Amino acid sequence: MASVKPAANHIFLFLEIFSIEGGIQSYVKDILHAYKLAVRDLASPPLPQAAKAEVLLLRDSPDGDNPFARDTDVFAFHYLKTLSPWLGRVRLASWLLFLLLWRRPQRVFCGHVNLAPMTQLLCRSLGIPYTVLTYGKEVWEPLSPAYVRALQKAHSIWTISRHSRDRACEANHLDPRQFRMVSCVVDGKRFTPGKKPQRLVERYGLYDAKVLMTVARLWSGDIYKGVDVTIRALGKIAAVFPEVKYLVIGRGDDQPRLAQLAEDLGVRDRVVFAGFVATEELPDHYRVADGYVMPSREGFGIVYLEAMACGVPVVSGDADGSADPLQDGRVGWQVPYRDPEAVAAACVELLRGEDQRCQGDWLRSQALAKFGKDALTEKIQRLLQES
């Protein structure tokens with residue numbers, strides 16, 4: 001008697017998640033972690049076949065740092081990296097077709113819009129629904145007809161914020177009803193409140209200072225983070241809080257321009273360029289701050305959640321994806337993009353500390369309630385049960 005092949009509920013396919021670090025990679029890892037917990041919880045009906053999810057990785061290799069490698073009860077990973085990009089795509093398509101025919105999954109999760117046309121072609125021909133995961137900018141501009149068609153035919157589209165959904169819909173004529181909000185989340189066990197680390201106070205010369213902070217890439221082609229706007233606001237902030245200093249974490253070719261701007265405005269002694277800071281050092285850097293300021297244009301803005309989880313109040317832009325982590329201004333200040341006057345007014349109010357949005361314990365609880373890892377797991381559970 002022939003053996004019965006195990007049925008996998010889901011197939012995932014991604015470009016690359018373990019070989020490099022970045023926002024998309026962190027987001028995908030959070031989703032996989034939540035999926036793991038959700039599937040283990042849903043091992044009885046309505047998901048009776050919850051066993052292994054097949055994960056196809058186009059550019060990753062087995063020697064990458066895969067934190068899910070031991071979760072063999074949930075995931076089976078297939079590393080398809082080749083020297084030839086063209087051959088890699090052929091391998092990915094072949095593996096996907098094989099698994100679709102053999103496993104007949106309940107759904108396929110396409111981890112990047114660049115893989116969506118292939119997913120649409122193979123899944124639709126077999127009547128298997130698929131979901132496309134989107135992050136932000138990759139779907140904010142008009143796409144070619146094949147990509148738009150693949151998005152339009154998807155069972156659903158996951159994205160990180162209402163802003164990202166709206167821009168994708170406007171650019172590519174998509175139906176907003178297709179979208180599901182699967183937001184970025186913060187690790188509340190790693191990002192926690194604490195006293196200002198004395199070693200950082202000494203390192204950056206922040207003695208007795210009111211510290212505003214930004215974490216951003218300082219690239220000349222990517223000035224939307226608003227570091228220059230905050231520098232322009234410092235004079236007015238200093239008129240109320242003479243002890244204010246601005247700690248800028250990040251590196252890039254725009255730093256000389258920003259330093260010269262601070263010099264020209266007479267606030268160079270208030271701006272501290274910290275340069276690159278390793279990921280493991282970030283929580284302590286948030287703790288040294290009295291406020292996190294980034295009047296930016298974000299698809300979401302995980303940094304706001306990291307700051308709030310550390311009990312640090314935040315200032316963001318008012319016309320981007322930061323509306324989600326700031327809960328439409330309920331837990332932080334939203335100001336017009338590139339408006340130094342508005343940034344200064346918000347920072348002065350923040351540094352006075354009289355608003356509920358400055359209460360660290362409350363701020364942390366509100367951030368984790370909606371954007372902690374437990375919240376993501378509950379969201380994935382609900383989405384897996386969609387018909």
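How many bridges join β11 to β12, and do they run parallel or antiparallel? Three bridges hold β11 to β12, and the two strands run parallel. The close-ups below come from a predicted model.

**View 1. The β11-β12 pair sits inside an open sheet of six strands.** Read across the sheet and you get the order β10-β9-β8-β11-β12-β13, with parallel pairing. From one strand to the next, the twist averages 25°. If you want one residue pair to find your way by, take M294, whose bridge partner in β12 is S316. The two ends of the sheet are β10 (271-275) and β13. Each of these edge strands has a single partner, so one side of each has no neighbour in the sheet.

**View 2. Helices α7 and α10 lie against the sheet strands.** Helix α7 (residues 227-240) lies across β8 (210-215), β9 (244-249), β10 and β11. Its direction makes about 170° with β9. Helix α10 also packs on the sheet, and here the strands touched are β8, β11 and β12. Compared with the direction of β12, that of α10 is turned by about 165°.

**View 3. Helix α10 also meets helix α12.** Here we look at α10 (residues 302-309) and α12 (residues 360-371), whose axes come within 8 Å and cross at roughly 135°. That crossing angle is why the two helices count as oblique to each other. On the α10 side, the contact is made by L305, M308 and A309. On the α12 side, L363, R364, A367, L368 and F371 do the job. Sorted by type, the contact residues of α10 and α12 come out as seven nonpolar, one charged and no polar.

**View 4. G301 sits in the loop between β11 and α10.** Is G301 buried or exposed? G301 has a relative accessible area of 7%, so it counts as buried. For a sense of scale, the C-alpha atoms of G301 and L363 are separated by 16 Å, with their positions 62 residues apart along the chain.

**View 5. Strand β4 has neighbours in β1 and β5.** Strand β1 (residues 10-14) is joined to β4 by four bridges, and the pair runs parallel. Within that pair, L13 stands opposite C110 of β4. Three bridges connect β4 to β5 (residues 130-133), again with the strands running parallel. There, F109 faces T131 of β5. Both faces of β4 (residues 107-110) are covered. R107 and F109 are buried on one side, and V108 and C110 are buried on the other.

**View 6. A salt bridge joins D328 to R162.** The closest N and O atoms of D328 and R162 are 2.9 Å apart. D328 belongs to the loop between β12 (314-317) and β13 (333-335), while R162 is in helix α5 (residues 162-172), so this pair ties together parts that are 166 residues apart in sequence. R162 has 32% relative accessibility, so it counts as partly exposed.

**View 7. D290 and K196 make another salt bridge.** In this one, the closest N and O atoms are 2.8 Å apart. D290 is in the loop between α9 (282-287) and β11 (291-294), and K196 is in the loop between β7 (179-181) and α6 (198-204). The pair links distant parts of the chain, 94 residues apart. With a relative accessible area of 24%, D290 is partly exposed. K196 counts as partly exposed too, at 32%.

**View 8. D355 pairs with R357, and a salt-bridge network links five named residues: R199, R203, E281, D284 and R287.** The side chains of D355 and R357 meet in a salt bridge at 3.0 Å, N to O. R357 is buried, with a relative accessible area of 15%. In the network, salt bridges link R199, R203 and R287 with E281 and D284. Across the whole structure, a search finds 22 salt bridges.

**View 9. Q178 is found in the loop between α5 and β7.** Its relative accessible area is 11%, so Q178 is buried. Leaving aside residues up to four places away in sequence, Q178 touches L151, Q152, A154, S156 and I157.

How values were computed. Residues are numbered from 1 along each chain as its sequence is written. This is a predicted model: local features need pLDDT of at least 70, side-chain atom pairs count only at pLDDT 80 or more; totals for chains, interfaces and linings use all residues. Side-chain values use heavy atoms; hydrogens and water are left out. Axes are lines fitted to C-alpha atoms, for helices over the stretch in contact, and angles run from 0 to 180 degrees between N-to-C directions. Angles under 35 degrees count as roughly parallel, over 145 as roughly antiparallel, 65 to 115 as roughly perpendicular and the rest as oblique. Contact means heavy atoms within 4.5 Å. Ala, Val, Leu, Ile, Met, Phe, Trp, Tyr, Cys and Pro count as nonpolar, Asp, Glu, Lys and Arg as charged, and the others, Gly among them, as polar. A salt bridge is a side-chain nitrogen of Lys or Arg within 4 Å of a carboxyl oxygen of Asp or Glu. Buried means under 20% relative accessible area, exposed over 50%, partly exposed in between (1.4 Å probe, protein chains only). Two strands pair if DSSP finds at least two bridges between them.
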